[in-house]
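Let's take a walk through this structure together, one stop at a time. Keep the 3D view open and turn it as you read.

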Amino acid sequence: MIPPPEMYGHVDSHAELRVAELLRQVDTGEPTTCLYSVRVPVHEYKRMSEVDFLVVWGDTVLVIEVKGGRLGRRDGAWTFTNRYGETNEKREGPFEQAASAMFALQHRLQARLPDLDVAFGYLVLTPDQELQPDIEWEPQQYAGSRSMSVSGLEQALRRARQFWHQIGRASCRERV
């Protein structure tokens, strides 16, 4: 984990700290690096994007978006309720946020490393709740409170990694 959780300083998100502690203990079975709070300075429609956690294998780059508290949707907007009961509403949900950060990072890396041959993907984590299945995401792109154990997170990472490799192979076949 770079940096290690004890060096984070003040972090407002208890959910991110819980995920950091789990990620620190996860055994992927092969060399893996996890980066915390990665800033992507170029984004399609934001001044900057931030990746909560970035997990990197030799063949995969996985963006992880963590949303603590309670999430909901109403009239096409997402609602986010924090531990103090304060609710915010946004049009962009966690899946759009994760996808746009992933694409911004992918474009940035591929511009600098044109021969980079890895799968890019994202995973949304909601440590405090389980979201109901939705057409907006595939099950492999999401993990909720039931995955908030070392073994649960290992499984979620494995599923997401495999999913994004399959998506990558399918899109390569479509281009041929």
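Asp-75 sits in the loop between strand S4 (70-74) and S5. Please keep in mind throughout that this is a predicted model. The backbone at Asp-75 deserves a look, as its phi is near 50 degrees, a positive value in a residue other than glycine. Is Asp-75 buried or exposed? With a relative accessible area of 74%, Asp-75 is exposed, because the cut-off for that class is over 50%.

Ser-37 makes a good companion to that stop. Its phi is near 55 degrees, again a positive value in a residue other than glycine. Ser-37, however, belongs to strand S1. At 22% relative accessibility, Ser-37 counts as partly exposed, because buried would require a value under 20%.

From Ser-37 you can step out into the sheet that holds S1. The sheet is open and has five strands with mixed pairing, in the order S1-S2-S3-S7-S8. Why do S1 and strand S8 (142-143) each have one side without a neighbour in the sheet? Both stand at the edges with a single partner strand, so nothing in the sheet flanks the other side. Further in, S3 and strand S7 (residues 119-125) run parallel to each other and are joined over seven bridges. Along this pairing, Val-63 stands opposite Tyr-122 in S7.

Now add the helices. H1 packs on the sheet and touches S1, S2, S3 and S7. The direction of H1 makes about 15 degrees with that of S2. Helix H2 (residues 94-112) lies across S1, S2, S3, S7 and S8, and runs at about 155 degrees to S7.

Last comes the empty space. Rolling a probe the size of a water molecule over the atoms reveals where such space is left. In this model, the largest pocket holds about 750 Å³. Helix H1 (14-25), strand S1 (33-40), strand S2 (49-56), strand S3 (60-66), strand S5 (77-81) and strand S6 (87-90) each give two or more residues to its lining. Which element gives the largest share of that lining? It is H1, with four residues. The lining comprises 30 residues, and those nearest the pocket's centre are Ser-13, Glu-16, Val-66, Lys-67 and Gly-68. By class, the lining has 12 charged, 11 polar and seven nonpolar residues. So the tour ends with H1 in two roles: packed on the sheet, and lining the largest pocket.

Methods: Residues numbered from 1 in each chain as written. Predicted model: local features only at pLDDT ≥ 70, side-chain atom pairs only at ≥ 80, totals over all residues. Heavy atoms only, no water. 1 Å grid on protein atoms, 1.4 Å probe; cavity = no way out; pocket = protein on both sides within 12 Å on 5 of 7 lines; lining within 4 Å. Points joined across faces, edges and corners; volume = space filled by probe spheres on them. Nonpolar A, V, L, I, M, F, W, Y, C, P; charged D, E, K, R; others polar. Pairing = 2+ DSSP bridges. Contact = heavy atoms within 4.5 Å. Axes fitted to C-alpha atoms, helices over the stretch in contact; angles between N-to-C directions. Buried < 20%, exposed > 50% of the residue type's maximum accessible area, 1.4 Å probe, protein only.
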